[in-house]
Amino acid sequence: MNRTGRKRTGTNRFTGWHMTVILVGFFGVVIAVNFTMAFFAIDRFGGVVVENSYVASQKFNGWLDEARSEDRLGWKADIERDTQGRLAVITEGVPQDAKLVAHLRRPLGTPDDRTFPLLQTSPHHYRSADVEPGRWIVRLEVDAGGRNWSHEEHVD
């Protein structure tokens, strides 16, 4: 009823049904957005970075020691894709009898790991087999008579 004592006849009354529709609609949108974001997160991320972070933390100092000993070797490598779509590696300071292996992985999306042995084409120049187009993270591993060295670069 309004102030004059007459009953309201308009449709502009706010009822419990209005509130129910507003709440259901609001939470429906929130839940739909959450499920959409979760789907894209799961679809785009290929897995965990490390299986057990505690174990990885215990190995960290060892990894630092390995990196320091690799730095003391003074070896260098430049990795790029040549015009034929293969990896081209130019090394500096690496012994001639060294064995080189390239481990490739995609930086994003579904995991796509590949391993290529590198063949020496001339002193300090190495080539791989054909590599699919796209962005890759290349981890180069060099074994020269028990002395190991690794280097990582992004290649487009």
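Helices here are DSSP runs of H or I with at least four residues, and strands are runs of E with at least two, numbered from the N terminus. Counted that way, the chain in this predicted model has two helices and seven strands. Walk along the sequence and you meet them in the order α-α-β-β-β-β-β-β-β.

Before zooming in, a few chain-wide values. The chain has 156 residues, and 21% of them count as buried. Its accessible surface comes to about 11900 Å², with 58% of that belonging to carbon and sulfur atoms. As for how the chain meets itself, take the contacts between residues at least 6 apart in sequence: 54% of these join residues at least 24 apart.

Let's start with helix α1, which covers residues 16-44. Leu23 sits in this helix, and its relative accessibility of 40% makes Leu23 partly exposed, because that value falls between the 20% limit for buried and the 50% limit for exposed. Leu23 also has company at the surface: together with Phe14, Met19, Ile22, Phe26, Phe27, Val30, Ile31 and Phe35, Leu23 forms a nonpolar patch. Add up the accessible area of the patch and you get about 910 Å².

Next comes helix α2, residues 53-73, and here the residue to look at is Glu70. Which side chain of opposite charge is nearest to Glu70? That would be Arg139, at 5.6 Å. A salt bridge needs a side-chain nitrogen of Lys or Arg within 4 Å of a carboxyl oxygen of Asp or Glu, and Glu70, although buried, has none. What Glu70 does have is a polar contact, side chain to side chain, with Ser150 at 3.4 Å. Leaving aside residues up to four places away in sequence, Glu70 touches Asn148, Trp149 and Ser150. Those three fall within strand β7, which spans residues 147-155.

Now for the charged pairs. Side chains of opposite charge can pair when their charged atoms come close. Across the whole structure there are 11 salt bridges. One of them links the side chains of Asp82 and Arg86, with N and O 3.4 Å apart. The two partners differ in cover: Asp82 is buried at 13% relative accessible area, whereas Arg86, at 26%, is partly exposed.

A second salt bridge brings together the side chains of Glu152 and Arg105, 3.5 Å from N to O. Glu152 belongs to strand β7 and Arg105 to strand β3 (residues 99-105), so this pair ties together parts of the chain that lie 47 residues apart in sequence. Both ends are partly exposed, Glu152 at 37% relative accessibility and Arg105 at 33%.

Then there is Arg139 again, the residue that came up beside Glu70. The side chain of Arg139 makes a salt bridge with that of Glu141, at 3.7 Å from N to O. Arg139 counts as partly exposed at 32% relative accessibility, and Glu141 is partly exposed too, at 34%. Step back and these pieces connect: through shared partners, salt bridges join Arg105, Arg139, Glu141 and Glu152 into one network.

Definitions and conventions. Residues numbered from 1 in each chain as written. Predicted model: local features only at pLDDT ≥ 70, side-chain atom pairs only at ≥ 80, totals over all residues. Heavy atoms only, no water. Patch = residues over 30% accessible without salt bridge, like charges linked within 9 Å, V, L, I, M, F, W, Y side chains within 5 Å. Areas by Shrake-Rupley, 256 points an atom, 1.4 Å probe, with all protein chains shown as cover. Buried < 20%, exposed > 50% of the residue type's maximum accessible area, 1.4 Å probe, protein only. Lys, Arg positive; Asp, Glu negative; His and termini not counted. Polar contact = N/O pair within 3.5 Å; in protein donor to acceptor, adjacent residues only side chain to side chain. Contact = heavy atoms within 4.5 Å.
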